[in-house]
Amino acid sequence: MIFLIEYDRKQGELLKFQKFDDMDREKARQAMLELELELNSRGERHEVVILEASSEAAVRRTHRRYFESLEQLLTAPA
């Protein structure tokens, strides 16, 4: 699966989480480009990434900072 994420680092907030099938790679890239152009035109400095993983659970495990607060990250068991 492919995941498009928009994250506001300053606020520590996930703003967009969109899923795409593996065969929709080009659609995901186009969505990322459109989002980046829109954000740039508004002067927004958000992080926009595309991640690939076998499942949403895998992305949530490997990229926890997008889904959990700083407090949750600091208090989670190692």
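Let's start at His 46, which sits in the loop between helix 1 (25–42) and strand 3. Keep in mind as you look around that this is a predicted model. Is His 46 buried or exposed? With a relative accessibility of 18%, His 46 counts as buried, because the cut-off for buried is under 20%.

So what does the side chain of His 46 meet in there? One partner is Glu 6: the two side chains make a polar contact of 2.6 Å. Another is Glu 44, whose side chain is joined to that of His 46 by a polar contact of 3.2 Å. If you skip the neighbours within four places in sequence, His 46 is in contact with Glu 6, Tyr 7, Asp 8, Leu 15 and Leu 39.

Tyr 7 is a good next stop. Setting aside residues up to four places away in sequence, Tyr 7 touches Gly 12, Glu 13, Leu 14, His 46, Glu 47, Arg 65 and Tyr 66. Tyr 7 also belongs to the largest nonpolar core, a group of 10 residues. Its other members are Phe 3, Ile 5, Val 49, Leu 51, Ala 53, Ala 58, Val 59, Tyr 66 and Phe 67. Strand 1 (2–8), strand 3 (47–52) and helix 2 (56–62) each put in at least two residues, with strand 1 giving the largest share, 3 residues. Apart from this core there is another one, made of 9 residues, including Phe 20, Ala 28, Met 32 and Leu 35. Here's the wider background: in soluble globular proteins, nonpolar side chains tend to be buried together.

Now follow helix 1. Its 18 residues reach 26 Å from the first C-alpha to the last, close to the 26 Å expected at 1.5 Å a residue. Which residues of helix 1 are buried? They are Ala 28, Ala 31, Met 32, Leu 35 and Leu 39. These cover an arc of only 100° around the axis, so they end up on the same side of helix 1. That buried set packs against strand 1, strand 2 and strand 3. On the face turned away from the buried side you'll find the exposed residues Glu 26, Leu 37, Asn 40 and Ser 41. Just after helix 1 comes Gly 43, with a positive phi near 75°.

Next, the charged side chains. Searching the whole structure turns up 8 salt bridges. In one of them, Glu 56 pairs with Lys 19, and their closest N and O atoms are 2.5 Å apart. Glu 56 is in helix 2 and Lys 19 is in strand 2 (residues 13–20), so this pair ties together parts that are 37 residues apart in sequence. Lys 19 counts as partly exposed, at 44% relative accessibility. Glu 56 also forms a salt bridge with Arg 60, with 2.8 Å between the closest N and O atoms. This time both residues lie in helix 2, 4 residues apart, which is about one turn of the helix.

One more pair takes us back to the neighbours of Tyr 7: Glu 47 and Arg 65, two residues that Tyr 7 touches, meet in a salt bridge of 2.6 Å, N to O. Glu 47 lies in strand 3 and Arg 65 in the loop between helix 2 and helix 3 (70–75), so the bridge ties together parts 18 residues apart in sequence. Glu 47 is buried, with a relative accessible area of 14%, while Arg 65 is partly exposed at 35%. Add Arg 9, and you have a network of salt bridges linking Arg 9, Glu 47 and Arg 65.

Conventions: Residues numbered from 1 in each chain as written. Predicted model: local features only at pLDDT ≥ 70, side-chain atom pairs only at ≥ 80, totals over all residues. Heavy atoms only, no water. Core = buried A, V, L, I, M, F, W, Y, C linked by side-chain atoms within 4.5 Å. Buried < 20%, exposed > 50% of the residue type's maximum accessible area, 1.4 Å probe, protein only. Contact = heavy atoms within 4.5 Å. Polar contact = N/O pair within 3.5 Å; in protein donor to acceptor, adjacent residues only side chain to side chain. Salt bridge = Lys/Arg side-chain N within 4 Å of Asp/Glu carboxyl O. Expected span 1.5 Å × (residues − 1). Arc of directions from axis to C-beta.
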